[in-house]
Structure formats: C-alpha cells, structure tokens
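Biologist: Hello! Could you walk me through this structure, one small step at a time?

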Amino acid sequence: MGQPTVDEVANAMFDLVKATHGKKNLKAMDLTKAMIEKFGADAVDKKLCKLAIRQLIDSGRCIYSYFGGSFITLPPENEGGG
Amino acid sequence: MSEKKRATPLLDELKKGPWPSFVREIEKSAETNAMARDTLGQVERSYEDKISHWKHGGLVGVMGYGGGIIGRYSDLPEEYPEVAAFHTYRVNQPSGWFYTSDILRTLCDIWERHGSGLTNMHGSTGDIIFLGSKTEELEPCFRDLTEHGFDLGGSGSDVRTPSACVGPARCEWACYDTLDACNDITHTYQDELHRPAFPYKFKFKFSGCPNDCVASIARSDMSVIGVWKDNIQIDQEKVREYAANGTDIEHEVCQMCPTQCMAWDGTKLTIDNANCVKCMHCINVMPKALRPGKERGATILIGAKAPIIGGALLATVFVPFLEMKPPYDDIKELAEAIWDFWGEYGKNRERVGEFIQRVGLGNFLEEIGLDPIPEMVAHPRTNPYIFFEDELEEEEDA
Ligand code: SF4
Ligand code: SF4
C-alpha cells in the first residue's frame, strides 16, 4: 500500500470514531496507533496522524470531549450515526 | 430569570472578619448580573446540603480547540436556571502576569458582555479564569478575546498554560529570562496546548532561581529553575554591615546552611562553593551582601505533580545545568522526547512522574536518550534510582 494522504487517514480515523462511538472512548494516541496498524509504520507516522486529527477537528466532523481525560468523539448532532 | 436576592445565611458567615470575602464580591456582581445571583443561591444550597451541586466535563469547547474551556453544569437547573450551564474559561495569562490597567479593564468588559462577570485571578496553573459562561456565549466570548490579542490556555490532556515568575523584569535573583522562555515555549507548543494528545496534563513552569516562586519543583512535569555554576558573589563590606546591624551571621546564616559549607570568623565570610547546594538561604538573609554567581543558567527537573489520583511527587533533576538562550532547543528536544515515549506508553491520567515510577527511571532515560549522570538527584545528595551498569558488573566480578 502506498502512503495515504492526510484526508485518507482522517477518513479512516472518522470511521473508527463512528464505529466505536458509545462503546469506547478514543484518545488521539489510540487513533494514531490504530492508523499505524492499519496502514503500516512505513506508510504513516505520528506526524501524519497529527495532521489528520487536526483535519478531523477543524472540519467539525469530530470534537474533543473531556471525561476524566481528553478524547476525540462525534459532535452531539452526529451521536446517533454510529 | 431569578430577580430576587435570596437569603444566604451560611454564606453570610463568610463575610465576617476583616479579610476580603469572595461572597461580598459575588454579591456586588449580583446587583447587576443574574448569573452571579444564582451562583450565590446554588453555593448556599451546596453548603446546606453539604454536597457540591456542580457537575464537570462533557462536550463543551470552541471550534478547533480541545482545551481551555471546562464544562460545568448545575444539577439543580430548574432552581437556578441562570447557572444551568456555568462553564469556565482558562485564558492564557501574559508571562509573569504583567498587565496594563487598560487591558485589565478590557478583559473585565469582555467578560461582563459574555458571562457572569466573575473572575479568578489567577487559577493555580496561572491562567486568567473566567467563571460562568452559558454554552451559547462560548464562541462569541472567544472571538472577543482573540480580537483583543488573548487566547485560551490549556485544560485536559494537553500542555497546560506555561507559567513563569516575574524573573528579570523585577527580580535581581533571576538567573535567566523566565518571561522570554515561558513566552517562547507557549508559542512553540500552541498545537500541544490546544489539541490534547497526551495521556494526561503536562505542565511547564519557569522559576528564575531556586527560591522557585512558581513552585515548579512541586507542581510541574517540566520544571526549569534558574541556577548558577560558579561561586556565590560576596561583598565582605556589606556582610560586616549586616553583622553590625544585628544579623547573627553564625546562627542565622552559617548554621542554617544545609550543607554547613559556610564559615564566619567575625570579619570574613567564606563559602566552600563546591558543597553549596544553591538553596538560596544565605542570599535571602543577606540580599545586599550575597548574590548568585555570574555563570547562570537553569536546572531542568522532571516529574512533579500535586496529589490528585496518587500522592504528591517532587521533581527529579534531569539536566543539572543548561544555558538558557533562545531558541531553547535543548529544552524542546527533551520535552518532545518525553512526549514521544510517555505519549505512546502512558496510561490515561498518568502523569510523567507516575509513568517514570512505573517504568523505572533507568528505562525512561534510555528511551528518551539521556545518559544517567550522578547529578540526576531526587534531592541533594540523594540518587535513589540509577544503577550504573559498569559498577554492577564490577561488583559481580569481584
Ligand atoms: S523565583 Fe527567584 S528569580 Fe523568580 S521571582 Fe522568585 S526570587 Fe525572583
Ligand atoms: S546557598 Fe544555601 S547551600 Fe549554598 S552557601 Fe548559601 S546557605 Fe549554603
């Protein structure tokens, strides 16, 4: 697999947040580790994941939440979508 | 809207006595602000019920930011509708807390436009705290703040707003420019400050000398404390003046020196500087006669925290002496190496100090690429963690 773009990583992260919504709280590092596992350590690194998380948050598709730690989750209006 | 002033007999107790009272201050705001009125009502109710009626956390923030706003709600929203949502802003304070009166008025005006008008100057991390915003006012208030040059500080699992003592702006003991270092680190790590990506909070605190006026050794994950390498500067004439004016130099200075490295023969003070642990005691007692040395920089300590989940931890020396010159690359390199390792293996809500205890200081140093040296002490002359492999091997061979 070639190196994915920031958008592709952000999309994969979004899918993961959606799939685990309500079941598991994910931190930025959980998303990063999951992407490294999915795409391979040669294809994505922490820097690329950081950019993807920024894209995810700045686009409004995900937000940060705080429940005894900071997590990345769906905004309230999307909560039913997972 | 709750128009009436409620009876608050328990809070009234806190107005007694000669000292300032937060109740009196909230009452002043309550004359014109309904949120402040309901705050009084709810706090009185909490004292009656002996339980907090605030709930924290949740999904509040401003677009793009994961820190700087702490969600707070009343669990009695019908009774106190004006404080049903009562979120807290952390606003990044200027380095060393320097303001003009004009900018203080501007901050207060912004806050009266958008929230309860109640502030806490400052929070324990150092931020300007705005207490009590409704959810719909979060974005407008943030816009107003940024238009006036302010930004939010940290909260949650991110770099918390760095803070610094007044340093060289007002204090002759400053061994480096705390204000500049704090400002530089704050600007460099905007991303880490606003976008939580760590297992838990990470605090930088900058003190200009070992007096440590921002308590960095006890409260920050990376503590940067000004220090000198050479000899304490002594003005013998001034020492004699102190003696003539009644300072008992033998008892008040020499005998209080933690390493007993000072001697006073009635006319001359001598210091065995190799044994000085830079505690500042003698300098604090005779500020006109003694000064820190001329070769100045900072010691970097890692891993302090106040007690929240586990007990309190004091920081451990990692870098005994560092020249503190912009762009502070050494500090940044160290911080980033720590974040890399702790970020990957730290547990949720595990501070760096606790993480070090779990993985062991030796392993931690190896992973972040620092060689152990004898000066990495937990406190002077105490180095409880590091095993020198060569020595162990020698012992085994013996
Ligand atoms: S820590 Fe030292 S330099 Fe900073 S204000 Fe206190 S005494 Fe002065
Ligand atoms: S700074 Fe402290 S340790 Fe050093 S000479 Fe003075 S009293 Fe002694």
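Biologist: Is A:Cys49 buried or exposed?

Modeller: Keep in mind that this is a predicted model. A residue counts as buried when its relative accessible area is under 20%. The relative accessible area of A:Cys49 is 0%, so A:Cys49 is buried.

Biologist: How many disulfides does the structure hold over all chains?

Modeller: A disulfide needs two cysteine sulfur atoms within 2.5 Å. For A:Cys49, the nearest cysteine sulfur belongs to A:Cys62 and is 14 Å away, so A:Cys49 is in no disulfide. Over all chains, the number of disulfides is 0.

Biologist: How far away is the nearest cysteine sulfur for B:Cys182?

Modeller: B:Cys182 is in no disulfide either. Its relative accessibility is 2%, so B:Cys182 counts as buried. The nearest cysteine sulfur is that of B:Cys165, and the distance is 9.7 Å.

Biologist: Lovely! Which ligand takes the space that is the largest cavity?

Modeller: Let's look at the surroundings first. This ligand has 13 residues around it, and the closest are B:Cys257, B:Cys276, B:Val277, B:Cys279 and B:Cys282. The shell divides into 11 nonpolar, 1 polar and 1 charged residues. The space that is the largest cavity is taken by ligand 2.

Biologist: And how many nonpolar residues are in the shell around ligand 1?

Modeller: The residues around ligand 1 include B:Cys165, B:Val166, B:Trp173 and B:Ala174, and also B:Gly208, B:Asn211 and B:Asp212. Cysteine counts as nonpolar here, and B:Cys171, B:Cys209 and B:Cys213 are also among the residues around ligand 1. By class, the shell has 2 polar residues and 1 charged residue, and the nonpolar count is 7.

Key: Residues are numbered from 1 along each chain as its sequence is written. Chains are lettered from A and ligands numbered from 1 in the order in which they are written. This is a predicted model: local features need pLDDT of at least 70, side-chain atom pairs count only at pLDDT 80 or more; totals for chains, interfaces and linings use all residues. Side-chain values use heavy atoms; hydrogens and water are left out. Buried means under 20% relative accessible area, exposed over 50%, partly exposed in between (1.4 Å probe, protein chains only). A residue is near a molecule or strand if one of its heavy atoms lies within 4 Å of it. On a 1 Å grid over the protein atoms alone, a cavity is a set of points where a 1.4 Å probe fits but cannot get out, and a pocket is an open set with protein on both sides within 12 Å along at least five of seven lines; lining residues have an atom within 4 Å of a point. A molecule sits in a cavity or pocket if more than half of its atoms lie within 2 Å of its grid points.
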